[in-house]
Amino acid sequence: MTLLELKNISVHYGRIQAISDMSFSVDEGEIVSLIGANGAGKTTTMRTISGLLAPSAGSITFAGQDITRMKAHIRVVQGISQAPEGRGIFPGMTVEENLDMGSYGRKDRTKVADDLERVFDLFPRLKERIKQFGGTMSGGEQQMLAIGRALMSNPKLLLLDEPSMGLAPQFIRQIFKIVTEINNQGTTVLLVEQNANQALARAHRAFVLETGSITHRGTGKELLANPAVKEAYLGVG
Amino acid sequence: MSTTDGPTLIPDDASAQEIADREAKMRQRKGWFPGLSDKWNALPRQTQWLILIVVVVIAYLLPILNPPLITTEPGNNWQIALAQMSVYALVAVGLNVVVGYAGLLDLGYVAFFALGSYTAAMFTSPDSPYVHIPYLWTLPLAMAIAMFFGVVLGVPTLRLRGDYLAIVTLGFGEIVRILATIIPAMKGQVGFQNVGHPPGTDSSGQPIFLNSSGTPWYWLTLTIIIVVLLAAGNLERSRVGRAWIAIREDEDAAEIMGVPTFKYKVWAFAIGASVGGLSGALFAGQVGFVNNQKFDIATSILFVAAVVMGGTGNKVGAVLGGALVAYIPLRFTAIAEFKYLIFGAALVVIMIFRPGGLLPARQSLLAYGRLAYNKLKGAVGDIPPSGKVVLEPGKGADNE
């Protein structure tokens, strides 16, 4: 079943067009990866889906509902949660307070404790550092916190914007493992990545984004094997 | 590519963590009273209340004690100085909601102060041709009018961020002053004499609240400050307070956590404005005279300086900062002329050695909050302490 659908979306920054006429969809239970170079429009796409940017044309449907004009903080309640690029944690809040902010829009307070346990199971490190300020944590831990915080809203769709950015290779593998695990627990994941290798290997389906448009689409395996994608994004000729 | 390594601790990360820990320690060493807030938060609740009560009693006794060295006499009447200091302290508490909690740099806050002053003046002064009401009624009226204009200013401008917002509010501050100059009804430089005061006479038949007697005004304003502080404390610990802190820290992140950021920014603006209006009305009553000369941009900047000096985001710091900003030129009359020069230098020095202000926000701002979180989800309170993190509730997270 289609969970998220973008139809003919265009986004402008002032007069500059960042995304032109983009259409794609994400089915329930999938991991979908968007890969592309710097400036291809990956983060713009994410911010448009989460509602921080308004598209200049096109429509977005989520769980059968048109959310094109819906405010970002209401989309969270509807089930879209984002771990923003550059982690976007609250540096002056502790791990605990950051996670608590993640559940801000929720009414079902009784289930929050369960989700907290789930986040601690996924990221035991966060439990150890519960009283530490977000701003004083290492990059990897901040990324864990950003993903954990996004999960605290119990989303149907988790948007991950470059979770591997600035992390050590070993840690990148671990983050992707956890992404798969989150997906296995029933959360649909839309992933934006420069690290094409991992992103494609983990994804059910993937899209390649170039200067604001989708140029290739297919399953993760197909794109991994695609010569053009290989040359441009996987560093093999 | 290995997929066998489980989600355990990451060796690559340990070194990064060490650096972060060291940085955190460095940050904490800054300041003149290291660990003071930690010590305060570690005290039992009863002890905290006891100390607070003693402080409040001393504050009420200040006009009678007239402590040597601290007093502003012989240069300025000490009781009137206290009254003015208390008004500035109230201004700083109000502005702290906007600048400190929500992180919105409002450089035109004097506009709300002016609106409050003019409300009190135009509804009570014999120079005003309009309806006259008892002075005390002008206090809630001033709050309502300032709040209304806070929303009117906030709704279009709060879509702006950072520097842009600062510039627009700066303009608003000037607009109110200029309107007071050019609208005949507001009487420009001539102003309004004999602004009203609260009722009551003493045994000899003199009104209690004279412009020349500071003590009753000081007590009235101090009482209002305490009420406002209690309300602000409750706000801090509420959902609204948490939303403000999140907005201040990262507005986009707050929005995608489900915080209606725009709504809460307008709230911060409106609440701050109403306190500004209230302090303006008190100021007008105490001084007894209102004209367009007292509401210039320099005053507005002085208000911001008071909040920053005291400790942005800390309501007690704001009281301290506001009182200090009024006190220094009254106490050291020889340097009063150079007060802006001195405040400028003092701000630079404070920003270098104590970037959080005299009483930095963090500990007091969220210490209560942390307890609330623990209560909220009992699960979190029971985490066994790890080597690096201090876990006593309310003691703050220092990495010793």
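Trainee: Two strands pair if DSSP finds at least two bridges between them, so how many bridges join strand E9 of chain A to E10(A)?

Mentor: There are 6, and the two strands run antiparallel. E9 covers residues 205–210 of chain A. Keep in mind that this is a predicted model, where local features need pLDDT of at least 70, side-chain atom pairs count only at pLDDT 80 or more, and totals for chains, interfaces and linings use all residues. Residues are numbered from 1 along each chain as written, while chains are lettered from A and ligands numbered from 1 in written order.

Trainee: And where do labels like E9 come from?

Mentor: Helices (H or I, at least four residues) and strands (E, at least two) are DSSP runs, numbered from the N terminus.

Trainee: Okay, back to that pair. What is the bridge partner of Val208(A) in E10(A)?

Mentor: His216(A) is the partner of Val208(A). Leu209(A) has a bridge partner in E10(A) too, namely Ile214(A).

Trainee: How many residues sit between E9(A) and E10(A)?

Mentor: Just 2, and the two strands form a hairpin. Look at Thr211(A) in the turn: its phi is positive, about 35°.

Trainee: What bigger sheet do they belong to?

Mentor: An open one in chain A, built from 6 strands with mixed pairing. The order is E6-E7-E8-E3-E9-E10.

Trainee: Which strands are at the edges?

Mentor: Strand E6 (80–83) and strand E10 (213–219) of chain A, each of which pairs on one side only.

Trainee: How confident is the predictor about chain A?

Mentor: pLDDT is that confidence for each residue, on a scale from 0 to 100. The mean for chain A is 91, with 99% of its residues at 70 or more.

Trainee: Which element of chain A has the lowest mean?

Mentor: Helix H10 (residues 227–233), at 85. Strand E4 (residues 57–62) has the highest mean among the elements of chain A, at 96.

Trainee: Switching topic: what's chain B made of?

Mentor: Helices: chain B has 16 of them and 0 strands. The chain has 400 residues, and 46% of those count as buried. A residue is buried if 20 or more other C-beta atoms (placed from the backbone) lie within 10 Å of its own, exposed if 12 or fewer, and partly exposed in between.

Trainee: Which helices of chain B should I look at for burial?

Mentor: Try H4(B), residues 78–101. Of its 24 residues, 24 are buried, so the helix is largely enclosed by the rest of the structure. H5(B) is another one: 15 of its 15 residues are buried, so this helix too is largely enclosed by the rest of the structure.

Trainee: What happens just after H4(B)?

Mentor: Gly103(B) takes a positive phi there, of about 70°.

Trainee: I clicked on Ile51(B). Where is that residue?

Mentor: In helix H3 of chain B, which spans residues 45–65.

Trainee: Is Ile51(B) buried or exposed, and why?

Mentor: Ile51(B) is exposed, because 12 other C-beta atoms lie within 10 Å.

Trainee: What separates the C-alpha atoms of Ile51(B) and Val97(B)?

Mentor: A distance of 25 Å, for residues that are 46 apart along the chain.

Technical notes
Expected span 1.5 Å × (residues − 1). Pairing = 2+ DSSP bridges.
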